[in-house]
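User: Please take a close look at one part of this model, beginning with the surroundings of a single side chain, and then set that part within the fold as a whole.

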Amino acid sequence: MKTYHLTGIGNAVVDVISQADDSFLEMMGIEKGIMQLIERERGEVLYAAMENRVQTPGGSVANTIAGAGALGLDAAFIGRVHDDALGRFYADAMNEDGVDFVNPPVPGGELPTSRSMIFVSPDGERSMNTYLGISSELSSTDVPAEVAGNSQIMFLEGYLFDKEKGKTAFLEAARDCRNGGGKTGIAISDPFCVERHRTDFLLLIEHELDFVIGNEAEIKSLFETDDLEEALRRTAAICPLVVCTRSGDGVTVLHDGIRIDVPVEKVVPVDATGAGDQFAAGFLFGMATGRDYETCARIGNVCAREVISHIGPRPDTNVLEMLQKEGLV
C-alpha cells in the first residue's frame, strides 16, 4: 500500500474565477470578501454573469494539498465529484498536478459536481459564492482506511462539518491516521463555519487533533472573543500546535508553551484567493520534511506571497525554486 506525506479530505470544488468591481457585486447582491453558500439556481445566474472566466480545480484543503504536492510531497486528496464534465475535469486536473485523487467520479451521482463562483475585486479581495453539490455528500464510504492509515499528516476541512456524515468521515479519518502513527489537523475554514459548529469543533480539536491552522478571525471565533491573545491562549490550552495567520501582521505559532511570531513581507495582492490555503501548503510541507516551526511558517509565507501575485488559488511558478533562493530548503 502506498504511503503519503500528506493527505487531505475536503470539498472537491471547481473554482470559476472572474474579475468584478464593487458596483457589480452590489448589483448582484454579493457580499464582498466572504464565502457564501448558494443554491443551484443562484449558481447558474452568477455563472452566466461572469466574464472572462478562469476554471480551475479548487476547494480549500484541495488547494493546500495541490500546493504541497507541487513542492514535492507525495500527496493525496479525498473528495467526492459527480461523473459529469466538471467532475472529470476536477479528477484529471488533480492527478495532473501530481496529487492522487483517491475517489473516482461517481456515476449517477446524487448531485452535480460542486463549483464556486469567485469574483475578484480590483483591491484583490475575493467574494466566493459556492454551490456545494455532491461534495457535501462525502461520507465514511469515501474515505479508504488504508489511505488515512498510511498518511504521515492528515489535513481536514472545516466546511465538511455541515453534514453529520461529513463529521463522521472526519473522525474516522483522523483516528485511522493517528492509529497509523500520523498527525492530524484541521483548517478552520471560516468564522461562520465555526459559529455553526462551535461545540463540535472544540471537541474535535481537544480530543482528536494534533494541530489547527486558521486566520485571526477564525481563531477568535472559536471562543467568541474579540481578544486574539485570549483566543490563542485558550486554543493552545487544548491543542498541541496552533498556527494563526494575521495577514500583514505575520504569523503566530504556539507549541508546547513556546510562542513564535514570524513577520511577512507586505505586498499588494493581485488576488487574495488561496493565500491561506497556500500558506498551509508551505507550513505542512515544512512539517512533513522535518523543519522547525519558524521555518515552516517562513515557507508558508513564501507560498502565500506567490499565490496572491496572480489570479487563481494555486501556484503558477516554481515555488520550490523560490524557497531554495531564500535558503529555506
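Analyst: C296 counts as buried because its relative accessibility is 0%. The model is a predicted one, and the values that follow are computed from its atoms. The closest cysteine sulfur to that of C296 belongs to C303 and lies 11 Å away, which is too far for a bond. Seen from the other residue, C303 takes part in no disulfide, its nearest cysteine sulfur being that of C296 at 11 Å. C303 is likewise counted as buried, because its relative accessibility is 5%. With a disulfide requiring two cysteine sulfur atoms within 2.5 Å, the count comes to zero disulfides.

The sheet on which helix α11 packs deserves a fuller description. Nine strands make up this open sheet, arranged β6-β5-β1-β9-β10-β11-β12-β13-β14 with mixed pairing. Its edges are taken by β6 (99–101) and β14 (258–262); each of these has a single partner strand, so one side of each is left without a neighbour in the sheet. On average, and with direction ignored, neighbouring strands of the sheet are turned by 20° against each other. Strand β9 (residues 151–157) and strand β10 (residues 183–187) run parallel and are joined by five bridges. Within this pair, I153 of the chain stands opposite K183 in β10.

Two helices can be placed against this sheet. Helix α9 packs on it through contacts with β11 (211–215), β12 (241–245), β13 (251–255) and β14, and the direction of α9 makes about 155° with that of β12. Helix α11 (residues 293–307) also packs on the sheet, where it touches β12, β13 and β14; the direction of α11 makes about 30° with that of β14.

For α9, one residue gives a local view of the packing. T235 lies in this helix, which spans residues 228–236. T235 counts as buried, because its relative accessibility is 1%. When neighbours within four places in sequence are left aside, the contacts of T235 are V212, I219, L222, F223 and V242.

A second sheet stands beside this description. Five strands form it in the order β3-β8-β7-β2-β4; this sheet is open and its pairing is mixed. Strands β3 (35–37) and β4 (54–58) stand at its edges with a single partner strand each, so one side of each is left without a neighbour in the sheet. The average turn between neighbouring strands here is 25°, direction ignored. Strand β3 runs parallel to β8 (residues 126–131), and three bridges join the two. The bridge partner of L37 in β8 is T130.

Helix α4 (residues 85–96) packs on this five-stranded sheet, touching β2 (13–19), β4 and β7 (114–120), and its direction makes about 65° with that of β4. L86 has its place in α4. Not counting residues up to four places away in sequence, L86 touches V14, Q55, T113 and R115. One separation links the discussion of α4 to the contacts of T235: L86 and L222, a contact of T235, are 136 residues apart along the chain, and their C-alpha atoms are 34 Å apart.

The nonpolar interior can be described in two parts. As a general tendency, nonpolar side chains in soluble globular proteins are buried together. In this chain, the largest nonpolar core holds 58 residues, and F77, Y90, F119, F155 and F283 are those with the most contacts inside it. Helix α10 (residues 275–288) supplies the largest share of this core, namely eight residues. A second core, separate from the first, has 44 residues, among them M128, L228, C239 and C244.

These parts belong to a chain with 12 helices and 14 strands. Its radius of gyration is 18 Å, close to the 20 Å given by the globule rule for 329 residues, so the chain is as compact as a globular protein of that length. Taken along the principal axes, its C-alpha atoms fill a box of roughly 50 × 45 × 40 Å. Of the 329 residues, 58% count as buried. Among the contacts between residues at least 6 apart in sequence, 72% join residues at least 24 apart.

Methods:
Residues numbered from 1 in each chain as written. Predicted model: local features only at pLDDT ≥ 70, side-chain atom pairs only at ≥ 80, totals over all residues. Heavy atoms only, no water. Pairing = 2+ DSSP bridges. Helix = DSSP H or I, 4+ residues; strand = E, 2+ residues; numbered from the N terminus. Axes fitted to C-alpha atoms, helices over the stretch in contact; angles between N-to-C directions. Contact = heavy atoms within 4.5 Å. Buried < 20%, exposed > 50% of the residue type's maximum accessible area, 1.4 Å probe, protein only. Core = buried A, V, L, I, M, F, W, Y, C linked by side-chain atoms within 4.5 Å. Rg over C-alpha atoms; globule rule 2.2 N^0.38 Å.
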